[in-house]
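Here's a quick briefing on one protein model, built around a single residue and then working outward. Have a look at the sequence and structure first.

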Amino acid sequence: MGKEKKTFYLTTAISYPNGEPHIGHAYEAIITDTIARYHRLFENNVIFLTGTDEHGIKMLQTAKRLNLTAKQLADKNAPLFIKMLKEVNSTHDDFIRTTEERHKIACIEIWNRMSQNDDIYKGKYAGWYSIRDEAYYEEKELTKKNGQFYSPQGTEVTWVEEESYFFRLSKYQDRLLEHYKNNPKFILPESRKNEVIKFVQSGLKDLSISRTTFDWGINVPNDDSHVMYVWVDALTNYLTGVHFPSETYKNYWPANYHIIGKDILRFHAVYWPAFLLSANIELPLTVFAHGFLFNRGVKMSKSLGNVVSPGELIEKYGIDQLRYFFLREVSMGNDGNYDDESISRRVNADLANDLGNLIQRSCSMVQKNCDGIIPSISSELNDDDLNINSNVASLASRIEILVETLEFNKILSEIWEQISNLNKYFSDQKPWELRKNNNERMQTVLFITLNNIRKIAIMLLPVIPTSSEKILNLLNINDADRTFKSITDENIDISDNRLGEVTPIFPKVEISDE
Ligand code: ME8
């Protein structure tokens, strides 16, 4: 029996399909997909869930404006999210739509469990609500401009008064604070943790968790006049995705990571763990809040006319190029910027020049001088050979550590440091001169270069999957030898492999002078 696989469950937020997917949705899918791919490469048993959040008043209002029912709007837009995921090369295992029957069953179950724990009571809600955020706010959190109140996210709020079921959130204040203290990785990055702790310390009020003034949602058990608050419904998707309430959900639960944007941290780090504590379900291990992406420092908005669809960027640069750019340029947890110049610069300098040229130059030499067959080590290894080998190989364990903390920009800068060392090795050894006077040494240098390119391509599989596959195909590497373990496996010998056709893997992009 081999080593038992560790299960690894991770999720994105589920998107509101009240419009088309935007670059923020694509960014979140790319990050989460990269984590999932690394863990599969580490041979863990991964489940990666994503989907759409289809209930609530925001969906209903947009649908009305478009003369559609909310369900028609969801049916029209959910496929666009599925298409976007395909375009970014996402390897999610499941796509959940909250209008599915399986999800209703999970929501009713969690509601009943919270109710059985005496945490739900009927009352009357009178307070502020933001439809854009689908969130309740206290007046002290709002700002007033020209007679209109705005939420901390800058969205309009309206006054709501209606009968509502309440969840005893206040009861969980101390247990939440204790959980944050005892589980330092529950909220990441560290920089966002304090804002959550402060919010909870400032005193939690019970939360309104049902609505009566519209019916687009999941009915409250035994009371058809109420639908569940959309966030109770939405958060429960993470349980539905692993077949809750069937006991088998425990095969994957607790989730390892909920990957979400910084604007919805309160729901995930305060409300969600409180619901779970009430329903006596284990808490997820980490809620990671990523930053927002801006186009030249400006938030995308229809009124500014600067909305770029993920599809447009992918068409222009290629998906691996975009995945590389976001993961390299944006430090996880911080906001990030994108614009044509910075994407082109990264693609040309890092992918086309540093990595692409190295592959092109070394493989062309094998093509021309070794009949297209990777040579073997034919001379004694010297210090230069041993150094580059050990530097590249030691990256593997570094990456395993950096994947834990999701530091993708560090992973990539360390990989590129070694790509640069390998370029230097290749230039210093001058195999084109060795060809004339020391064929054995030339063969050794070519072997070492290609073998380290192989290792680097495996480390990059999760980030630039299609291009890494191309590199590994070029080197004729078996499918079974494309795991993380094979990076340091001494038994893998690529000499005698016949190279595929040597063509540029990363075309250069034109830099516009706009
Ligand atoms: O919030 N940059 O859905 P959503 C980066 N349905 N990420 C961004 C972004 C940007 N410019 N704009 C949005 C919802 N996001 C709820 C979630 S989960 C149980 C329910 C992120 O479609 C945002 O932070 O508004 C969120 O994580 C995700 O995109 C979906 O946002």
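G261 sits in strand β14, where strands (E, at least two residues) and helices (H or I, at least four residues) are DSSP runs numbered from the N terminus. The model is a predicted one: local features need pLDDT of at least 70, side-chain atom pairs count only at pLDDT 80 or more, and totals for chains, interfaces and linings use all residues. Residues are numbered from 1 along each chain as its sequence is written, and side-chain values use heavy atoms, with hydrogens and water left out.

**G261 and its strand**

- G261 is buried, with a relative accessible area of 3%; buried means under 20%, exposed over 50% and partly exposed in between, using a 1.4 Å probe and protein chains only.
- Setting aside neighbours within four places in sequence, G261 is in contact (heavy atoms within 4.5 Å) with E28, A289 and H290.
- Y172 is 89 residues from G261 in sequence, and the two C-alpha atoms are 24 Å apart in space.
- The rest of β14 (residues 257-261) is hidden too: 5 of the 5 residues are buried, so the strand is largely enclosed by the rest of the structure.
- Side chains in a regular strand alternate between the two faces of the sheet. Here Y257, I259 and G261 point one way, H258 and I260 the other way, and all are buried.

**Who pairs with β14**

- Two strands count as paired if DSSP finds at least two bridges between them.
- Strand β1 (residues 7-12) runs parallel to β14, with 3 bridges joining them; T11 has H258 as its bridge partner.
- Strand β15 (residues 286-290) also pairs with β14 in the parallel sense, over 5 bridges, and I260 stands opposite A289 there.
- β14, helix α9 (residues 265-278) and β15 make a right-handed β-α-β unit. Right-handed means that, with the strands pointing away from the viewer, the path from the first strand over the helix to the second runs clockwise.

**Two antiparallel sheets**

- An open sheet of 4 strands is ordered β5-β4-β8-β10, with antiparallel pairing; its edge strands, β5 (135-137) and β10 (207-208), each pair on one side only.
- Within that sheet, β4 (residues 120-130) and β5 share 3 bridges in the antiparallel sense, with W128 partnered by Y137 of β5.
- Another open sheet has 3 strands in the order β11-β13-β12, again with antiparallel pairing; β11 (210-211) and β12 (219-220) are the edges, each pairing on one side only.
- 2 bridges join β11 to β13 (residues 223-228), and R211 has V227 as its bridge partner in β13.

**Helix α2**

- In α2 (residues 57-65), the buried residues are I57, K58, M59, L60, T62 and A63.
- The cover over those buried residues includes α3 and β4.
- N67 follows α2 and has a positive phi, near 60 degrees.

**Cavities and a pocket**

- On a 1 Å grid over the protein atoms alone, a cavity is a set of points where a 1.4 Å probe fits but cannot get out; a pocket is an open set with protein on both sides within 12 Å along at least five of seven lines; lining residues have an atom within 4 Å of a point.
- Grid points are joined across faces, edges and corners, and a volume is the space filled by probe spheres set on the points.
- The structure holds 2 cavities of 30 Å³ or more, and the largest takes up about 80 Å³.
- Lining that largest cavity are residues including H25, E28, T50, F81 and F95; α1 (23-41), β2 (45-52) and α3 (70-87) each supply at least two lining residues.
- The second largest cavity has a volume of about 50 Å³, and its lining includes I57, Y129 and R211.
- The second largest pocket holds about 670 Å³ of space; of its 30 lining residues, K6, H39, F42, N44 and E404 are the closest to its centre.
- β1, α1 and α13 (383-404) each give that pocket's lining at least two residues, and α13 has the largest share, 4 residues.
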